[in-house]
Amino acid sequence: MRRFTVYDSRTRETRVFAPLSPPRVGLYVCGLTPYAPAHVGHGRTMTFFDVVARALRRWGYRVFYVQNVTNLDDHLIARASEDGVDPLALADRHFQDFRRSMDTLGNRSVNHYPFATDYVPEILAQIRQLVEKGYAYVADDGSVYFSVAKFPEYGKLSGQKLEALKPGARLELDERKRAPEDFVIWKATTPGEPSWESPWGPGRPGWHIEDTAMIFRLLGERCDLHGAAVDLIFPHHEAEVALAEAASGVAPFANYWMHGGLLLMEEEKMSKSLGNVALLDDAIERVGPGPLRLYYLNAQYRSPLVFQAGKSLEEAREAYSRLTVVYDRISELLERDGPERPGAELPEALGDAAEQLVERLDTTLADDFNTREAIALLFGWTRRLAEELPRLEGYSGSALEELAQPYRWGEEVLGLFVRAPTGPTGAWAAIVPVALAARARARARGDYAEADRIRDELRAAGVELEDDSSGTRWRAAPPG
RNA sequence: GCCAAGGUGGCAGAAUGGUUAAUGCGACGGACUGCAGAUCCGUUUCCUGGGGGUUCGAUUCCCUCCCUUGGCUCCA
């Protein structure tokens, strides 16, 4: 297992990671409440934690990655009643869309997506435990509240002081609560809402408790890594800490807290309630998964990242095509001729450099997931090989494999370079070469009008041609 | 007001108590090309919010001020 460090927002310092029971690592990331389509901010957070899981697995840890789905809450109920549909069905539909987006983006490292409503027995058991221990109380209407005053350490994760919280603008007064900072963990339901039987009457889970109940069930009373974006530190994660540590009596609940920076929409947080949302699927469709991942991972994960509507994606697309030019060529040659293709072996210095670079990539990422620096190293490799571009054709399959190693690393760990299965396939693969041969003959006899006509027709059909010294190559036109 | 994270070239964004402050985008110049595109090469030596302090040396450490963003019970 490779040693790595991680910035722990609980202790506010960068710490060497030590799993509770190596080599297993329990990773829990707060997923979303699927009441609307996912936006590019969700994409950033999920892509980052996907890289965390990929890296840990590469380094020999056995990661169990859980990402919950809050498939029932006030938003969902409100939205569903507007549309006249069932809230659980609405959540399910949006979650399926989210899964598809994640899949396209290359975020496939989650082992389990538990739904809140599938853990009602665990949630009820934890609530009962909290009531018995005196941390929670039952209100007149059958709702159950967590009594923040009973957990004096409340505020330790976010650095908030309870006294400072009281004047908080959004703290609602509610006569069912004993104190304004108490939060609901079991909501008495009104008729028509999905509800479950409980010792306190029909109700549904509050927000924070689903996470602790799921974690206790799936990962244990403590977990190794708990993550999400920073906007969840307070109150959500603070509440989780209180619930979990009160219930179990064991601390710390999460050994390491990781909080990713937000994606800002032109200097302002993107959020559903502000309405300044760029949809994730639109971004994927516009530039494809590779450039989008490059954009996300191109910044330190804790820094805020400003999303500039057109510009950010355009720039990422340009940068991505620079980054992939050598790897694309290597992949083409290997695909065309197979790994046994004959040719020159690699100069020793270049082979060594490739090997050393892979090691350096791992150590760079092991420094609090410095994806940006790793990407800079990959650009450096590309710059070095770019000069070899005309000579690539002459290398053997194994030499090309060696040159590709840093890119393979980028594929495995960062999820870059995944080739979207779009563009001309099947019949195209047979027709295009015929057209190219005809065009080559036209060019040879100086009939450029004919050559350009062929090129234009292929372009209209979505095939871009590129002439270079070795002949003409073709590819699917980039999206957009 | 309180709690956090930030402020680096035209732009996006790294890093570091010390020779030319990474990388990418853009721009400019060149190579290649029938043209175009793609690609390659070169240039973009005067970029670390203001003010103090510690130090032989600060962009980095400390203090302070200013500004931005987030949180202060909807949020990835």
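**Chain A: how its terms are earned**

Me: Among contacts in chain A between residues at least 6 apart in sequence, what share joins residues at least 24 apart, and what makes a pair count as a contact?
Reply: The share is 75%, where a contact requires heavy atoms within 4.5 Å. This is a predicted model, in which local features need pLDDT of at least 70 and side-chain atom pairs count only at pLDDT 80 or more, while totals for chains, interfaces and linings use all residues. Residues are numbered from 1 along each chain as its sequence is written, chains are lettered from A and ligands numbered from 1 in the order in which they are written, and side-chain values use heavy atoms, with hydrogens and water left out.

Me: How many helices and strands does chain A have, and what makes a stretch count as one or the other?
Reply: Chain A has 15 helices and 15 strands, which are DSSP runs numbered from the N terminus, with at least four residues of H or I for a helix and at least two of E for a strand.

Me: Why are the residues Cys 30 and Cys 223 not called a disulfide?
Reply: A disulfide is a pair of cysteine sulfur atoms within 2.5 Å, whereas the sulfur of Cys 223 lies 9.7 Å from its closest cysteine sulfur, in Cys 30, and is therefore too far for a bond. The structure as a whole holds zero disulfides.

Me: Why are Cys 30 and Cys 223 called buried?
Reply: The word means under 20% relative accessible area, against over 50% for exposed and partly exposed in between, with a 1.4 Å probe and protein chains only. Cys 30 has 7% relative accessibility and so counts as buried, and Cys 223, at 1%, therefore counts as buried as well.

Me: Is Asn 255 buried or exposed, and which residues beyond its sequence neighbours does Asn 255 contact?
Reply: Asn 255, in strand S10 (residues 254-260), has a relative accessible area of 10% and is therefore buried. Leaving aside neighbours within four places in sequence, Asn 255 touches several residues, among them Arg 10, Leu 20, Cys 223 and Asp 224. Asp 224 is 31 residues from Asn 255 in sequence, but their C-alpha atoms are 4.9 Å apart in space.

Me: What makes helix H7 mostly covered?
Reply: Of the 16 residues of H7 (residues 233-248), 14 are buried. After H7 comes Gly 249, with a positive phi near 75°.

Me: Why are H8 and H10 called oblique to each other?
Reply: The axes, which are lines fitted to C-alpha atoms, for helices over the stretch in contact, give angles from 0 to 180 degrees between N-to-C directions. Angles under 35 degrees count as roughly parallel, over 145 as roughly antiparallel, 65 to 115 as roughly perpendicular and the rest as oblique. The axes of H8 (residues 280-287) and H10 (residues 309-337) come within 10 Å and cross at roughly 40°, and the two helices are therefore oblique.

Me: How do you know that H10 and H13 are oblique too?
Reply: The axes of H10 and H13 (residues 397-414) come within 10 Å and cross at roughly 135°, so this pair is also oblique. Among the residues making the contact are Leu 323 and Tyr 327 of H10 and Leu 400 and Tyr 407 of H13. By class, the contact has ten nonpolar, one polar and three charged residues, where Ala, Val, Leu, Ile, Met, Phe, Trp, Tyr, Cys and Pro count as nonpolar, Asp, Glu, Lys and Arg as charged, and the others, Gly among them, as polar.
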